[in-house]
Amino acid sequence: MDETTTDTVTRVATTTVVVTDLPRALAFYVDDLGMPVGRDAELGPGRRWVEVGPAGGGTTIALITAGSGFPPGIRLGTADADSAHDRLRGRCVDVDEQVLRMGDVAPPMFTVRDPDGNVLVLVEGA
């Protein structure tokens, strides 16, 4: 194994699509494309997290509305958010100050920005 290779990222878990009308978008992805809903959670007023994906599993698509407060981007799975966060901070990567914890609502996660400012979110267990 190359010494620069780590297990920081275990998979590409979710990518986001910003939509203007969530029910209309959901109808398209579910009814027209035939993708089942994998997760649908109210995370607060105006903050609904909906994921659709292929029936056989794999990477999902999160449908988020503009103004929901969710950053668009790609969510990457990691086995241990704290370890990954520490490893990336040690490499001087642009990461959030802390791992975000929302109790039972969502797993531990943090945001990282690539050199061009693209947002990636590392989510534990995703």
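So, Cys-92: in this predicted model it is exposed, with a relative accessible area of 72%. Where does Cys-92 sit along the chain? It's in the loop between helix H2, residues 81–90, and strand E6, residues 94–95. And there's something odd about its backbone. Phi of Cys-92 is near 60°, which is a positive value in a residue other than glycine. Keep in mind that most residues other than glycine have a negative phi. So when you scroll past the end of H2, stop at Cys-92 and look at that positive phi.

Okay, let's walk back into H2 itself. Which residues of H2 are buried? They are Ala-81, Ala-84, His-85 and Leu-88. These four cover an arc of only 100° around the axis, and that puts them on the same side of H2. If you've not met this pattern yet, here's the background: an α-helix has 3.6 residues a turn, so residues three or four places apart point the same way. Now spin the helix around. On the face turned away from the buried side of H2 you get the exposed residues Asp-86 and Gly-90. What covers the buried residues of H2? The cover includes E5, E6, E7 and E8. At the N-terminal end, H2 has a cap: Asp-80 puts a side-chain oxygen 3.0 Å from the backbone nitrogen of Asp-82.

Now compare that with the other helix I want to show you, H1, residues 22–32. Here the buried ones are Leu-22, Ala-25, Leu-26 and Tyr-29. They too sit on one side of their helix, because they cover an arc of only 100° around the axis of H1. The face of H1 turned away from them carries the exposed residues Pro-23, Arg-24, Asp-31 and Asp-32. And what do the buried residues of H1 pack against? Four strands: E1 (11–19), E2 (37–42), E3 (48–52) and E4 (60–65). At the start of H1 there's an aspartate again, Asp-21, with a side-chain oxygen that reaches to within 3.0 Å of the backbone nitrogen of Arg-24. After H1 comes Gly-34, and its phi is positive, near 75°.

Right, on to strand E5, residues 74–78. I'll start with Arg-75, which is in that strand. Is Arg-75 buried or exposed? It has 7% relative accessibility, so it counts as buried. It has plenty of company, too. Leaving out residues up to four places away in sequence, Arg-75 touches Val-12, Ala-13, Thr-14, Thr-16, Trp-49, Phe-70, Val-121 and Val-123. Its side chain also has a polar atom 3.0 Å from the backbone oxygen of Pro-71.

Further along E5 you come to Gly-77, which counts as buried at 0% relative accessibility. Then there's Thr-78, also in E5, and it counts as buried at 1%. The side chain of Thr-78 reaches the backbone oxygen of Thr-8 at 2.6 Å. Beyond its neighbours within four places in sequence, Thr-78 has contacts that include Asp-7, Thr-10, Leu-122 and Glu-124.

That brings us to Thr-8, in the segment before E1. Thr-8 counts as buried, at 6% relative accessibility. What does the side chain of Thr-8 make a polar contact with? The side chain of Arg-87, at 2.7 Å. With neighbours within four places set aside, Thr-8 is in contact with Gly-77, Thr-78, Ala-84, Arg-87, Leu-88 and Leu-122. You've heard two of those names already: Ala-84 and Leu-88 are among the buried residues of H2.

Last stop, the largest pocket. It has a volume of about 520 Å³. Of the 29 residues that line it, the closest to its centre are Trp-49, Arg-75, Ala-106, Met-109 and Val-123. So there's Arg-75 again, the buried one from E5. Which elements give two or more residues to that lining? They are E1, E2, E3, E7 (109–113) and E8 (119–124). And if you sort the lining of the largest pocket by kind, you get 16 nonpolar, six polar and seven charged residues.

Note on methods:
Residues are numbered from 1 along each chain as its sequence is written. This is a predicted model: local features need pLDDT of at least 70, side-chain atom pairs count only at pLDDT 80 or more; totals for chains, interfaces and linings use all residues. Side-chain values use heavy atoms; hydrogens and water are left out. Buried means under 20% relative accessible area, exposed over 50%, partly exposed in between (1.4 Å probe, protein chains only). The arc is that of the directions from the helix axis to the C-beta atoms. Contact means heavy atoms within 4.5 Å. A polar contact is a pair of N or O atoms within 3.5 Å; within protein, one must be able to donate a hydrogen and the other to accept it, and residues adjacent in sequence count only if both atoms are side-chain atoms. On a 1 Å grid over the protein atoms alone, a cavity is a set of points where a 1.4 Å probe fits but cannot get out, and a pocket is an open set with protein on both sides within 12 Å along at least five of seven lines; lining residues have an atom within 4 Å of a point. Grid points are joined across faces, edges and corners, and a volume is the space filled by probe spheres set on the points. Ala, Val, Leu, Ile, Met, Phe, Trp, Tyr, Cys and Pro count as nonpolar, Asp, Glu, Lys and Arg as charged, and the others, Gly among them, as polar.
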